[in-house]
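Good morning, and thank you for the opportunity to speak. I would ask everyone to look at the structure on the screen while I go through it.

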Amino acid sequence: MDELFHAAPDAVTGGRILIVDDDPVVAGMLGISLVAAGHRVAEAYSGEEALAQLERLAGADGGQLPDVVILDIELGGGIDGYEACRRLRAPDATRDLPVIFLSGHDALDDRLRAYDAGAMMVGCELADGRELEPAIGRLFANPAAAYLHIHYAAPGCYAARVDRS
């Protein structure tokens, strides 16, 4: 496993997840929840940093890409999440990498732009990974048979669920 990904010291049962958020507190809280659920987690704090990590992992001898990228829309400073997603779709090595956008930008236009950029799922920004964990777990269990269901979760906020048919 690449040194980018950290995990709980006991058995790791989940997948590799790259969290991209310019707020280290949000990324850290989400990462703690996902590590506690058995995943290996890496964090990047900008779109450029995430793309550099992915390029390094894709080109590393024996390196492993994450199984999913969790990406914020507004990343501050450099490129935004939409552009980061578009760029990670360009190389063959990362073209099919699942991307989940979690953001405070929850207007319909924002969500549609995320899907246009290549997202497989869009939800409201969460500091607690417990709501996201079932979707990630089912995605890892059988990605080819996963279907997304977006539902109303709270005023201005939608949650996503991955189900298998």
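Where is P66 found? P66 sits in the loop between α2 and β3. I should say at once that we are looking at a predicted model.

Let us stay with this residue for a moment. The relative accessible area of P66 is 3%, and the limit for a buried residue is under 20%, so P66 counts as buried. The C-alpha atom of P66 is separated by 7.5 Å from that of G15, although their positions lie 51 residues apart along the chain.

The next residue, D67, belongs to the loop between α2 (47-59) and β3 (68-71) as well. The side chain of D67 forms a salt bridge with that of R16, with 3.3 Å from N to O. This pair joins distant parts of the chain, since R16 is in strand β1 (residues 16-20), 51 residues away from D67. The two partners differ in accessibility: R16 is buried, at 14% relative accessibility, whereas D67 is partly exposed, at 26%.

Allow me now to step back to the whole chain. There are five helices and seven strands. Starting at the N terminus, the order of the elements is β-α-β-α-β-α-β-α-β-α-β-β. The chain has 165 residues, of which 45% count as buried. Among the contacts in the chain with a separation of 6 or more, 62% are between residues 24 or more positions apart.

I turn next to salt bridges in general. Side chains of opposite charge can pair when their charged atoms come close. How many salt bridges are there in this model? The count is four, and the pair of D67 and R16 is one that we have already met.

Another salt bridge connects the side chains of R86 and E83, at 3.2 Å from N to O. Both residues lie in helix α3 (residues 81-88), and they are three residues apart, which is about one turn of the helix. R86 is partly exposed, at 39% relative accessibility, and E83 is also partly exposed, at 24%. With R87 included, E83, R86 and R87 make up a network of salt bridges.

A further salt bridge is the one between the side chains of R95 and D92, at 2.3 Å from N to O. Here D92 is exposed, with a relative accessibility of 61%, while R95 is partly exposed, with 37%.

Finally, I would like to consider how two of the helices are placed. Two packed helices are described by the angle between their axes and the distance between the axes. For α2 and α3, the axes come within 9 Å and cross at roughly 20 degrees. Are these two helices roughly parallel or roughly antiparallel? Angles under 35 degrees count as roughly parallel, and therefore α2 and α3 are roughly parallel to each other. Their crossing is right-handed.

Which residues make this contact? On the side of α2 they are G47, L51 and L54, and on the side of α3 they are A84, R87 and L88. Four of the residues in the contact are nonpolar, one is polar and one is charged. R87 thus appears in this contact and also in the salt-bridge network with E83 and R86.

Thank you for your attention.

Methods. Residues are numbered from 1 along each chain as its sequence is written. This is a predicted model: local features need pLDDT of at least 70, side-chain atom pairs count only at pLDDT 80 or more; totals for chains, interfaces and linings use all residues. Side-chain values use heavy atoms; hydrogens and water are left out. Helices (H or I, at least four residues) and strands (E, at least two) are DSSP runs, numbered from the N terminus. Buried means under 20% relative accessible area, exposed over 50%, partly exposed in between (1.4 Å probe, protein chains only). Axes are lines fitted to C-alpha atoms, for helices over the stretch in contact, and angles run from 0 to 180 degrees between N-to-C directions. Angles under 35 degrees count as roughly parallel, over 145 as roughly antiparallel, 65 to 115 as roughly perpendicular and the rest as oblique. A crossing is left-handed if the near helix is turned anticlockwise from the far one by less than a right angle, and right-handed if clockwise. Contact means heavy atoms within 4.5 Å. Ala, Val, Leu, Ile, Met, Phe, Trp, Tyr, Cys and Pro count as nonpolar, Asp, Glu, Lys and Arg as charged, and the others, Gly among them, as polar.
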